[in-house]
Amino acid sequence: QVHLVESGGGLMEAGGSLRLSCAASGRTWSIYAMGWFRQAPGKEREFVATIGWSGGSTFYADSVKGRFTISRDNAKNTVYLQMNSLKSEDTAAYYCAAKGRGSLEYNYWGQGTQVTVSS
(Lines give C-alpha, C1' and ligand atoms only; values in the text may rest on other atoms or scores of the structure.)
Protein backbone atom coordinates (compact mmCIF):
# COMPACT_ATOMS: atom_id res chain seq x y z
CA GLN A 1 0.00 0.00 0.00
CA VAL A 2 1.15 3.54 -0.79
CA HIS A 3 -0.16 6.50 1.20
CA LEU A 4 -0.18 9.95 -0.42
CA VAL A 5 -0.63 13.31 1.29
CA GLU A 6 -0.90 16.56 -0.66
CA SER A 7 -0.18 20.05 0.64
CA GLY A 8 0.39 23.55 -0.65
CA GLY A 9 -2.99 24.52 -2.02
CA GLY A 10 -4.62 27.84 -1.31
CA LEU A 11 -5.95 31.08 -2.74
CA MET A 12 -3.90 33.00 -5.29
CA GLU A 13 -4.51 35.85 -7.68
CA ALA A 14 -4.37 35.23 -11.40
CA GLY A 15 -0.81 35.42 -12.65
CA GLY A 16 0.60 34.21 -9.36
CA SER A 17 2.34 30.97 -8.43
CA LEU A 18 1.78 28.07 -6.06
CA ARG A 19 3.72 24.88 -5.39
CA LEU A 20 1.95 21.69 -4.45
CA SER A 21 3.70 18.86 -2.66
CA CYS A 22 2.79 15.19 -2.44
CA ALA A 23 4.53 13.05 0.15
CA ALA A 24 4.45 9.29 -0.37
CA SER A 25 4.86 6.68 2.34
CA GLY A 26 4.48 2.95 2.66
CA ARG A 27 5.56 0.71 -0.23
CA THR A 28 7.25 3.54 -2.14
CA TRP A 29 9.65 1.07 -3.74
CA SER A 30 6.70 -0.19 -5.76
CA ILE A 31 5.96 3.18 -7.41
CA TYR A 32 6.49 3.36 -11.18
CA ALA A 33 5.13 6.84 -11.85
CA MET A 34 3.33 9.66 -10.10
CA GLY A 35 0.92 12.19 -11.42
CA TRP A 36 -1.25 15.16 -10.66
CA PHE A 37 -4.91 15.38 -11.59
CA ARG A 38 -7.53 18.03 -10.92
CA GLN A 39 -11.27 18.30 -10.70
CA ALA A 40 -13.23 21.52 -10.93
CA PRO A 41 -16.80 21.79 -9.62
CA GLY A 42 -19.24 20.20 -12.03
CA LYS A 43 -16.47 18.80 -14.22
CA GLU A 44 -14.79 15.45 -14.56
CA ARG A 45 -11.37 14.81 -13.16
CA GLU A 46 -8.64 15.61 -15.67
CA PHE A 47 -4.98 14.74 -16.06
CA VAL A 48 -2.46 17.50 -15.35
CA ALA A 49 1.05 16.03 -15.36
CA THR A 50 3.01 12.86 -14.72
CA ILE A 51 6.61 11.94 -13.90
CA GLY A 52 8.47 8.65 -13.98
CA TRP A 53 9.64 7.69 -10.52
CA SER A 54 13.05 6.39 -11.58
CA GLY A 55 13.82 7.95 -14.96
CA GLY A 56 12.05 11.22 -14.34
CA SER A 57 10.41 11.53 -17.73
CA THR A 58 7.54 14.02 -17.71
CA PHE A 59 4.35 14.61 -19.65
CA TYR A 60 1.85 17.46 -19.38
CA ALA A 61 -1.67 18.31 -20.40
CA ASP A 62 -1.75 20.93 -23.12
CA SER A 63 -3.66 23.27 -20.84
CA VAL A 64 -0.74 23.56 -18.39
CA LYS A 65 2.26 23.02 -20.65
CA GLY A 66 4.77 25.83 -20.24
CA ARG A 67 3.19 27.01 -16.99
CA PHE A 68 3.34 23.99 -14.67
CA THR A 69 6.39 21.88 -13.82
CA ILE A 70 6.32 18.48 -12.16
CA SER A 71 9.40 17.29 -10.31
CA ARG A 72 10.37 14.70 -7.74
CA ASP A 73 12.74 14.21 -4.83
CA ASN A 74 13.23 10.48 -4.46
CA ALA A 75 15.17 10.88 -1.22
CA LYS A 76 12.12 12.55 0.32
CA ASN A 77 9.59 10.40 -1.56
CA THR A 78 7.95 13.64 -2.62
CA VAL A 79 6.56 14.95 -5.89
CA TYR A 80 6.00 18.63 -6.56
CA LEU A 81 3.86 20.63 -8.93
CA GLN A 82 5.11 24.16 -9.50
CA MET A 83 2.27 26.20 -10.93
CA ASN A 84 3.13 29.57 -12.51
CA SER A 85 1.04 32.11 -14.40
CA LEU A 86 -2.08 30.78 -12.74
CA LYS A 87 -5.43 31.35 -14.43
CA SER A 88 -8.94 31.30 -13.03
CA GLU A 89 -9.57 28.11 -14.99
CA ASP A 90 -6.88 26.39 -12.91
CA THR A 91 -9.24 26.53 -9.94
CA ALA A 92 -9.87 22.96 -8.84
CA ALA A 93 -9.17 20.30 -6.27
CA TYR A 94 -5.76 18.85 -7.11
CA TYR A 95 -5.03 15.20 -6.47
CA CYS A 96 -1.76 13.34 -6.36
CA ALA A 97 -1.72 9.77 -7.65
CA ALA A 98 0.76 6.92 -7.88
CA LYS A 99 0.99 4.07 -10.32
CA GLY A 100 2.49 0.83 -9.17
CA ARG A 101 4.84 -1.31 -11.24
CA GLY A 102 2.86 -3.39 -13.69
CA SER A 103 -0.29 -1.32 -13.23
CA LEU A 104 -2.03 0.29 -16.18
CA GLU A 105 -3.86 2.75 -13.98
CA TYR A 106 -3.09 5.03 -11.08
CA ASN A 107 -4.08 2.91 -8.11
CA TYR A 108 -3.19 5.14 -5.19
CA TRP A 109 -4.71 8.57 -4.58
CA GLY A 110 -4.29 11.37 -2.10
CA GLN A 111 -7.11 13.24 -0.42
CA GLY A 112 -6.70 16.34 -2.56
CA THR A 113 -5.81 19.97 -1.96
CA GLN A 114 -7.87 22.95 -3.12
CA VAL A 115 -6.42 25.59 -5.43
CA THR A 116 -8.49 28.71 -6.01
CA VAL A 117 -7.35 31.38 -8.45
CA SER A 118 -9.09 34.72 -8.29
CA SER A 119 -9.33 36.85 -11.40
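**Figure 1. Pairing of strand S4 with strand S5, centred on Met 34 and Ile 51.** In this predicted model, Met 34 has Ile 51 of S5 as its bridge partner. The two strands are antiparallel, and 6 bridges connect S4 to S5, the latter covering residues 46-52. Together S4 and S5 make a hairpin, with 6 residues lying between the strands. Within that turn, Gly 42 adopts a positive phi of about 80°.

**Figure 2. Pairing of strand S4 with strand S9.** Strand S9, residues 92-100, runs antiparallel to S4 and is joined to S4 by 8 bridges. At one position of this pairing, Lys 99 in S9 stands opposite Ala 33. S4 itself comprises residues 31-39, of which 7 out of 9 are buried, so the strand is largely enclosed by the rest of the structure. Burial here means a relative accessible area under 20%.

**Figure 3. Asn 77 in the loop between strands S7 and S8.** The loop that holds Asn 77 links S7 (68-73) to S8 (78-83). Asn 77 is not a glycine, yet its phi is positive, at about 50°. Most residues other than glycine have a negative phi. The relative accessible area of Asn 77 is 22%, which makes this residue partly exposed, since the buried class ends under 20%. Leaving aside residues up to four places away in sequence, Asn 77 touches Cys 22, Ala 23, Ala 24, Thr 28 and Trp 53. Gln 39 is 38 residues from Asn 77 in sequence, and their C-alpha atoms are 24 Å apart in space.

**Figure 4. Ser 85 in the loop between strands S8 and S9.** Ser 85 is another residue that is not a glycine and has a positive phi, of about 50°. With a relative accessible area of 42%, Ser 85 is partly exposed. The loop around Ser 85 leads from S8 to S9, and S9 is the strand that pairs with S4 through 8 bridges.

**Figure 5. The strands in the context of the whole protein.** The protein contains 11 strands and 0 helices, and its order along the sequence is β-β-β-β-β-β-β-β-β-β-β. The C-alpha trace spans about 40 × 25 × 25 Å along the principal axes. The radius of gyration is 13 Å, which agrees with the value near 14 Å that a compact globule of 119 residues would have. Of the 119 residues, 45% count as buried. Among contacts with a separation of 6 or more, 53% are between residues 24 or more positions apart.

**Figure 6. Surface and charged side chains of the protein.** The exposed area of the protein is about 6,200 Å², and carbon and sulfur atoms supply 48% of this area. Positive side chains number 12 and negative side chains 9. The centres of these two sets are 7 Å apart.

Note on methods. Residues are numbered from 1 along each chain as its sequence is written. This is a predicted model: local features need pLDDT of at least 70, side-chain atom pairs count only at pLDDT 80 or more; totals for chains, interfaces and linings use all residues. Side-chain values use heavy atoms; hydrogens and water are left out. Buried means under 20% relative accessible area, exposed over 50%, partly exposed in between (1.4 Å probe, protein chains only). Helices (H or I, at least four residues) and strands (E, at least two) are DSSP runs, numbered from the N terminus. Two strands pair if DSSP finds at least two bridges between them. The radius of gyration is taken over C-alpha atoms; the globule rule is 2.2 Å times the number of residues to the power 0.38. Contact means heavy atoms within 4.5 Å. Accessible areas come from the Shrake-Rupley method with a 1.4 Å probe; for residues, only the protein chains shown count as cover. Lys and Arg count as positive and Asp and Glu as negative; His and the chain ends are not counted. The place of a charge is taken as NZ of Lys, CZ of Arg, CG of Asp or CD of Glu.
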